[in-house]
Amino acid sequence: MEDLAGKVAFITGGASGVGLGQAKVFAEAGCRIVIADIRQDHLDEAMAWFRDRNAAVHPIRLDITDREAYKAAADEAESVFGPVQLLFNTCGVSQFGPIQDATWEDWDWQLGVNLGGVINGVMILAPRMIARRQGGHIVTTASMAAFNGSPGGGIYCTSKFAVRGLTESLRGDLAPHDIGVSLLCPAGVNTNIHEAVLTRPAKYASTGYYGPDPERFRQLKSVIVDGMDPVVLARHVLQAVKENRFWVLPYPEVKEQLLRVHQTIIDALARPEDDPDYEDRKRRQEAAFAAVRAQRAAANNQQGGK
Ligand code: NAI
């Protein structure tokens, strides 16, 4: 999507950190912006920043796990600015600790926001984008945690692996509708994510990890404070949207990590010579897939002919 002027962008978690960086950069590119966020104080601070900057920005207080509220927010965005062409599934939360110490509520909260919230965004806004036939672009924020599991990061990694699978699949699904899809995988970004537990709803209060502890917040902040500036990160996202590029990985320093992860997987593959049935199995599977593709093509031709 080369021409962004006047496009309507819906940004979850848009009042802080990565999402706010996206709001600033896409507003500067001429987009009209909806920032949807659960924290009223973040919305107020973000709106104060935009106040004298001649930007079209509309705040909506939203918990992205609440489907009915999300639909109402999508309606509100449309009534304020018109149809949404850009969806940023940016909002996310994190809380760390060994999987065996987690409560059910620890799982439900993080997966509900990081995965459920992305699913809700896609399910609510993608059909509207398709119906409008104006094309568009969806950017989902995962993390480097989408590539390898880590002790203490189990729930967060689970959510980010899932988001990556969803987003890679979505790219093919939406391509025929002229809707691009990108996956942003940041390493460190200097944001407020160290305070994420402040957004944890009371119904998920039971935790095996930690609460809003200032010392914990200080520790968590210390590992992101030297991370990328969210505005700089968002400029990479802007370029990816313009080029319709899937991967947004603006961190050269993770190259060794990615090489290691993928080389370990490749090295674990069995060798063809260890499987006597390998050639026959491969032939049978290829034939089965070719038959399915032929059936699909015939069905599509029939539909097109109607
Ligand atoms: P942040 O905490 O600064 O911003 C997230 C915003 O989402 C906050 O304003 C918060 O109020 C809002 N939010 C939380 N729960 C919500 C809900 N249920 N509904 C609506 N809004 C909600 O954090 P940050 O770092 O900007 O996070 C954005 C994304 O970036 C997340 O998906 C995170 O996993 C990802 N990320 C961040 C990294 C970092 O180093 N900061 C690294 C890799 C990925």
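The exercises below treat the sheet of this structure, the helices on it and the ligand.

The model is predicted: local features need pLDDT of at least 70, side-chain atom pairs count only at pLDDT 80 or more, and totals for chains, interfaces and linings use all residues. Residues are numbered from 1 along each chain as its sequence is written, and side-chain values use heavy atoms, with hydrogens and water left out.

**Exercise 1.** Find the order of the strands in the open sheet, and state which strands stand at the edges.

Solution. Strands are DSSP runs of E with at least two residues, and helices are runs of H or I with at least four, both numbered from the N terminus. Two strands pair if DSSP finds at least two bridges between them. The order is β3-β2-β1-β4-β5-β6-β7, with parallel pairing. β3 (57-61) and β7 (247-248) are the edge strands; each has a single partner, so one side of each lacks a neighbour in the sheet. Next, take one pair: β1 (residues 8-12) joins β2 (residues 32-37) over 5 bridges. Within this pair, Ala 9 has Ile 33 of β2 as its bridge partner.

**Exercise 2.** Describe how helix α4 lies on the sheet.

Solution. Contact means heavy atoms within 4.5 Å. Axes are lines fitted to C-alpha atoms, for helices over the stretch in contact, and angles between N-to-C directions run from 0 to 180 degrees. Helix α4 (residues 104-132) lies across β1, β4 (86-89), β5 (136-141) and β6 (179-184). The angle of α4 to β4 is about 175 degrees.

**Exercise 3.** Identify residues that make polar contacts with nitrogen atoms of the ligand, and state how much of the ligand is buried.

Solution. A polar contact with the ligand is a pair of N or O atoms within 3.5 Å. Polar backbone atoms of Ile 38 and Ile 64 lie 3.1 Å and 3.0 Å from a ligand nitrogen, respectively. Asp 63 uses a polar side-chain atom, at 3.0 Å. Alone, the ligand exposes 830 Å² (Shrake-Rupley method, 1.4 Å probe). The protein buries 96% of that area.

Notes:
Polar contact = N/O pair within 3.5 Å; in protein donor to acceptor, adjacent residues only side chain to side chain.
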